Amino acid sequence: MGKQIRSIAETVSEIKAIGIGLVGEGAAGWAMSAEEANRALSFGRSRGGEERVRLYSEIVVEESVRGTKNALRYLVSLVEQLGSEPDLLETLETYFHHMQRRKVTASVLGIHPNTLNYRLERIENILGARLDDAGWVSKLDIAIKLRGSTK
């Protein structure tokens, strides 16, 4: 459905943005879907993105974490541990943005691949993380995204 709505948004220039919630059943489900669509729109505006179609499904995990104080506090603490070394935070953010492709990440950061490897190892050591572990990757990716939405 997202693809169909995107094509409609592209053809109708008057449409500024469209939010899409999750599928719901009955009146209560539709109301919840409309609320989710509004949150997707708000999230998109707060990030300054230029996407005209914003899907709640793309932010559902971040939204869920925000509703759980302990989980949010834990994820925020991961990013805070790297806060004293902005290069590491930028490296991790770029690494995830470029889908963990090391050559691309090093190129975008303008650093040697060995420097990137050193920084990623340093991140692992500081956090006690493993960047080859899907669980750690997902936690850190969400933490970085949460950081981006609260700046």
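Which exposed residues does the face of helix 2 turned away from its buried side carry? In this predicted model, that face carries A27, A28, R45 and S46, and the legends below begin with this helix.

**View 1. Helix 2, with its buried side and the exposed residues turned away from that side.** Helix 2 has 22 residues, which should span 32 Å at 1.5 Å a residue, and the distance of 32 Å between its end C-alpha atoms agrees with that expectation. The buried residues of the helix are G29, S33, E36, A37, A40, L41, F43 and G44. Seen down the helix axis, these buried residues fall within an arc of 160 degrees, so they line one face of helix 2. An α-helix has 3.6 residues a turn, so residues three or four places apart point the same way. The exposed residues A27, A28, R45 and S46 are carried by the face turned away from this buried side.

**View 2. S33 in helix 2 and its polar contact with L22.** S33 has its place in helix 2, which runs over residues 26-47, and it counts as buried because its relative accessibility is 17%, where the cut-off for buried is under 20%. The side chain of S33 reaches the backbone oxygen of L22 at a distance of 2.8 Å. When neighbours within four places in sequence are left aside, S33 is in contact with G21 and L22, so that L22 appears both as a contact of S33 and as the residue whose backbone oxygen the serine side chain reaches.

**View 3. Helix 4, buried along one face and exposed on the other side.** Helix 4 comprises 14 residues, 69-82, and reaches 21 Å from its first C-alpha to its last, which is close to the 20 Å expected at 1.5 Å a residue. Within this helix L75, L78, V79 and L82 are buried. Seen down the axis of helix 4, its buried residues fall within an arc of 90 degrees, so they line one face of the helix. On the other side of helix 4, the residues K69, N70, R73 and E80 are exposed.

**View 4. The largest nonpolar core and the surroundings of F96.** The largest nonpolar core has 26 residues, of which L92, F96 and L140 touch the most other members. The elements that give two or more residues to this core are helix 4, helix 5, helix 6, helix 7 and helix 8, and the largest share, seven residues, comes from helix 8. In soluble globular proteins, nonpolar side chains tend to be buried together. Leaving aside neighbours within four places in sequence, F96 is in contact with L131, V137, L140, D141 and I144. Another core, of six residues, lies apart from the largest one and has A9, I18, V53 and L55 among its members.

**View 5. The aromatic pair formed by Y95 and F96.** The structure holds one aromatic pair. Its partners are Y95 and F96, whose rings are tilted, with 5.8 Å from centre to centre and 45 degrees between the planes. Both Y95 and F96 are buried.

**View 6. T94 in helix 5 and the residues it touches.** T94 has its place in helix 5 and is buried, with a relative accessible area of 12%. Not counting residues up to four places away in sequence, T94 touches T105, V108 and L109.

**View 7. M99 and Q100 in the loop between helix 5 and helix 6.** M99 lies in the loop between helix 5, residues 86-97, and helix 6, residues 102-109, and Q100 is also found in the loop between these helices. Although M99 is not a glycine, it has a positive phi of about 55 degrees, and Q100, likewise a residue other than glycine, has a positive phi near 60 degrees. M99 counts as exposed, at 63% relative accessibility, while Q100 is partly exposed, with a relative accessible area of 33%.

**View 8. E124 in helix 7 and its contacts.** E124 is found in helix 7 and counts as partly exposed, at 22% relative accessibility. Leaving aside neighbours within four places in sequence, E124 is in contact with A129, R130, L131 and D132. E124 and I5 are 119 residues apart in sequence, and their C-alpha atoms are 41 Å apart in space.

Notes:
Residues numbered from 1 in each chain as written. Predicted model: local features only at pLDDT ≥ 70, side-chain atom pairs only at ≥ 80, totals over all residues. Heavy atoms only, no water. Helix = DSSP H or I, 4+ residues; strand = E, 2+ residues; numbered from the N terminus. Buried < 20%, exposed > 50% of the residue type's maximum accessible area, 1.4 Å probe, protein only. Polar contact = N/O pair within 3.5 Å; in protein donor to acceptor, adjacent residues only side chain to side chain. Contact = heavy atoms within 4.5 Å. Expected span 1.5 Å × (residues − 1). Arc of directions from axis to C-beta. Core = buried A, V, L, I, M, F, W, Y, C linked by side-chain atoms within 4.5 Å. Phe/Tyr/Trp six-rings, centres within 6.5 Å; stacked < 30°, edge-to-face > 60°.
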